[in-house]
Amino acid sequence: MASNKQANYIRKERIPVLSAIPSAQLKLSSLPRRPAPAQPSGQNESLLTNHFPCEFKKNLPLYQYDVAIEEIGSRSGEWYEVKGRARCALIMQSIVSNGGFATNVIVWYDEQKCLYSTSQLSSPMLIHSPEGQSRLNIKSFANQWSTDDIQNYITGRATEYPYDAVRILETLLKKSLQDRIQVVNNNCYFLDEVAKPVGGGFYERFGFVQSLNLTSHRITLSIQTKLTTFYPEMSLLDFVHTHIGAKRVPNEYEWKKLNRTLKNCSIVTQQSNWKQVFEIDQFDKRRPGEIKIESGETLIEYFKNKKNIQLTQTNYPCVQVYFPNEYDKPCHLPLEVCRIRAWQVYDKPLSKAQEAQQPRKYIPKPYERHNAIMKMLQKCDYNSRSNRLCREVGFSIDDSQMLRLNARVLTQPQIQTGPNSRANVRIGRIPLDGHLFTPKPLSTLSITYFGNDIERERDLMKKFADTLLQVMNNYHVDVRYRKHTVSPTIDKITEHFHSMNESKCQFVLCVMSGRSEEDLKQLKADIKDCGTIKYGIMTQCVLLSKVAANRSLTGYCENLIRKINFKNSGINTKVNLNQSLKNKKSTTDAYMFFGADVIHPTNVTRQHPSIAVVVGSCDSLCSTTAVRVCQQFPKEGKCSIETIIGMTDMVEQLLDNYRQVNKILPNKVVFYRDENLSLSPLLEVLADVLHRYSKHDPSLEQPLRSILSINNQQNALLNLPCIDTQRGYMCVKTITSFPEILPAIDGVVSLFNSNNGRLLLIADAKEITARRTATVSFLATKLLALNKLKNENAVLTIIGCGVQGRAHLDVFTELFKWNKIYLWSRNMTHAIDLQSVYSSKLNNIELLENLNDNRIQQSDVICTCTASEEALLSLHQVKKGVHINAVGSFRATMRELADDLMLSSDTTVIVDSKESAMKEAGEIIQSKAEILAELGELIENNEFCNDISKDKITIFKSVGMAIEDLAAAIVLYEYLQECREK
């Protein structure tokens, strides 16, 4: 349903399905693919990273037990579970240090409900403290891991990331320092480090964060230093005096400041022997003698009669508090019985006044950061003989120097401020130097003063307006303007914007004047709500106080011009993307660039969520952009996540914005992101459905695909439906195959709920097909060949460098380390391009000029990914023991392997589906080769796989099945659902 306006985009190259959807409400939910790395460029450089190589004992068991720390009630005589983490840690430390475990048993505790050990412990079991008032209840054995889980992953023998083993060892490293550090929100602070006062009663502490990282054949420990602001551990009354700078009752303004500062701060109380924790809500205006409890007593009487505490500071108001997580039950406490709990992070944003009082933050130089990290690691002294936990697990670390990496400093991109003007970037800033690439005229600009003191500020307003208009003239921004004065009340603001709307004013520059920060904040909110949202008028707010304080009013106005021109859809600068887009195959390609990030406050909580941002370009040159921002709240007790939960909706909105601006959707998307969808879930689901398929599981149904030939040529339209009632999904893939056009495959995969028929997901069939086919090939390789290979000698050959060849190179290099990789393609340009794309991260790729090259005989694994109708490989071209994944042909007339290879007595043939292979696999049909088994029969049958001789040639012939598309679609859909739930 393409319109006439899109006719110039019809060409030999495929148009993705996106550009054929006219609706503004996009419903695509497929993940963008990571862009391929560019060719090496720039200047070589050597970098030091904050990583240090380390190692653990091999084959060391790691046991986990579910436990509880319990105390006996002084009145009831019954055992109850201790809740406080600090209290649990003290009791556990007492039990361990007083011989609770045998001397040869090493344990460590995560202060919650898990105990770890390298020894097997009896369970259930109770271990009492020496005084008998507390105990450790080892309830049950939970699970077991090994340090070999880590070794297998980093050497490529395992594909699933060993999260639990890594977590247990990271906990051990912290616990090995427990007598010397305090852990707060996963950050470590040495107890002997002196805290630095920073004003207002607060303190700063220098700490560090550590984490284990797994890379190819290496474990590293990452150390990152951190400067954190804490509340002081002092009486609440003393903090009030310190914060206001005097020993007196604060005034009303000071109480407001204290309310903001201490909101949700935890305190402990004298009457509970400093054990009971409360959270501050706000300061009450009433004093202890004015507040009565249920018994009718005032707080003064209650504390004297019931708690034997004589209150002396009764002229201070009380503080309203809550029990943690019980916010519907407020109570009141006198200030003098409260104490601020130790080790609390102060993570509230500072007000402008507070910022002005703080010393300017110092950004350490690189060598200072290096020295601080090295000092911190050497202070940890993990290699010390006295560190028993580290010695028990054989942990050692090279703390003499940071890990050194080779890198490149890239050439700066060219940034233009005009057709013939190139910007001179200075320290990250782009000075306009009197140029805008495309200045957009303003038909009507209103320069409006919002305040109550125009007579006093009239001269300043005139100077600002004259300077701004002169700068606009210098930058060739044509403008007609008017000046207005408006009282900063909601009625007057509404009246003004209504008038501006009636007169068709295009832009209002709002110059705000107010007495306090709160007044200005409310004024800006009213302006945006009324002007921008209600009437749709472009606005730009300016603080008159900043105008007065600015040393260079011309420079200030130049920055305003950037914002005004950008909001008015003008173009300030353009980035020369010729280098980035050098691989464009058509001048009509429509590019869209995305960037995404998540930023976290010091302590992510329900009050201080993470902020997720997705930015999308509005054209192919990134001259304008649109942005979507959302808050992300962690689950209770969980840490922040890097996943952008609302990415699907945000990307859809940005795509629709691009369509509205350009009248088409992009056919080229470049998406920069930090994370990639793991292959491990896909391997697991594929193994499950293939295994069930081979067992003739009735909950899986899939008819043979329907293939419609087009014009009696190789071109075809294919439909592949299936249903999995056990998992509750059904799927249909509709694709076309045009081998002479790149990409050769195009189409969509649709996933439905099999219980109610609801459409759940529409995904790009090219990505689904390529990824699942390559992953099935790797599954076959893993079962039939990897046990015969050694990483240091393994050789991979890929024949065919189109979409499938690229996908196989992606998957096989992600899941296994190869000593050598050979590429061949009928069109050698494709092979050269593929080698070039991967050259920055793989330096072991070589090209084969023809298939008679003797190097093929070195191959341990060969993947054939072509639509050939003639055999490409014969028996004499391969060595004994080679494993071949033949995935390119899917019709009786197509084949990639010769009869002598298929029929050799040294050859074992495995297929994904016997039924499909007998009707659709040209190699099987033409050679009449015997099929030994289906791939699903090999899963959970290790003896069968191990019985295959090392000298046997194993062939996995795959024609593809709908259940494989179903598996990939399920993994993608459930991944997106998991992101939303997080």
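Which residue in β17 is the bridge partner of F323? The legends below answer this and describe further close-up views.

The model is predicted, so local features are reported only at pLDDT of at least 70 and side-chain atom pairs only at pLDDT 80 or more, while totals for chains, interfaces and linings use all residues. Residues are numbered from 1 along each chain as its sequence is written, and side-chain values use heavy atoms, with hydrogens and water left out.

**View 1. An open sheet of five strands with antiparallel pairing.** The strand order is β17-β16-β15-β14-β18. At the edges stand β17 (326–333) and β18 (338–340), each of which pairs on one side only. Averaged over the sheet and with direction ignored, neighbouring strands are turned by 45° against each other. Strands are DSSP runs of E with at least two residues, helices are DSSP runs of H or I with at least four residues, and both are numbered from the N terminus. Two strands count as paired if DSSP finds at least two bridges between them. Axes are lines fitted to C-alpha atoms, for helices over the stretch in contact, and angles run from 0 to 180 degrees between N-to-C directions.

**View 2. The pairing of β16 with β17.** Strand β16 (residues 319–323) runs antiparallel to β17 and is joined to it by four bridges. The bridge partner of F323 in β17 is E326. In a regular strand the side chains alternate between the two faces of the sheet.

**View 3. Helices packed on the five-stranded sheet.** Helix α4 (residues 236–244) touches β15 (277–283), β16 and β18, where contact means heavy atoms within 4.5 Å. The direction of α4 makes about 60° with that of β18. Helix α5 (residues 252–262) also packs on the sheet, touching β15 and β18. The direction of α5 makes about 145° with that of β15.

**View 4. Strand β8 and its pairing with β3 and β7.** Antiparallel pairing over 11 bridges links β3 (residues 61–72) to β8 (residues 134–146). One of the paired positions is A68, whose bridge partner in β8 is N137. Strand β7 (residues 125–128) pairs with β8 in the antiparallel sense over four bridges, and H128 stands opposite R135 in β8. The hairpin formed by β7 and β8 has five residues between the strands, and in its turn G132 has a positive phi of about 80°.

**View 5. A cis peptide bond in the loop between β6 and β7.** The peptide bond from S123 to P124 is cis, with omega near 0°. P124 is found in the loop between β6 (114–117) and β7.

**View 6. The hairpin of β36 and β37.** Five antiparallel bridges connect β36 (residues 745–753) with β37 (residues 759–764). L751 has L761 in β37 as its bridge partner. Five residues lie between the two strands, and G757 in the turn has a positive phi of about 80°.

**View 7. The largest cavity and its lining.** The structure holds two cavities of 30 Å³ or more, and the largest has about 70 Å³ of space. A cavity is a set of points on a 1 Å grid over the protein atoms alone where a 1.4 Å probe fits but cannot get out, and lining residues have an atom within 4 Å of a point. Grid points are joined across faces, edges and corners, and the volume is the space filled by probe spheres set on the points. The lining includes Q702, R705, N719, E920 and M961. Its residues divide into six nonpolar, four polar and two charged; Ala, Val, Leu, Ile, Met, Phe, Trp, Tyr, Cys and Pro count as nonpolar, Asp, Glu, Lys and Arg as charged, and the others, Gly among them, as polar. Two or more residues each come from β34 (716–724) and α21 (914–920), and β34 gives the most, with three.

**View 8. The surroundings of E920 in helix α21.** E920 counts as buried because its relative accessible area is 7%; buried means under 20%, exposed over 50% and partly exposed in between, with a 1.4 Å probe and protein chains only. Leaving aside neighbours within four places in sequence, E920 is in contact with L704, R705, F890, R891, A892, I925 and V959.

**View 9. Positive phi at N273 and K504.** N273 is not a glycine, yet its phi is positive at about 60°. This residue lies in the loop between β14 (266–269) and β15 and is exposed, with a relative accessible area of 56%. K504, also a residue other than glycine, has a positive phi near 60°. The loop between α11 (490–502) and β25 (507–512) holds K504, which is exposed, with a relative accessible area of 67%.

Methods. 1 Å grid on protein atoms, 1.4 Å probe; cavity = no way out; pocket = protein on both sides within 12 Å on 5 of 7 lines; lining within 4 Å.
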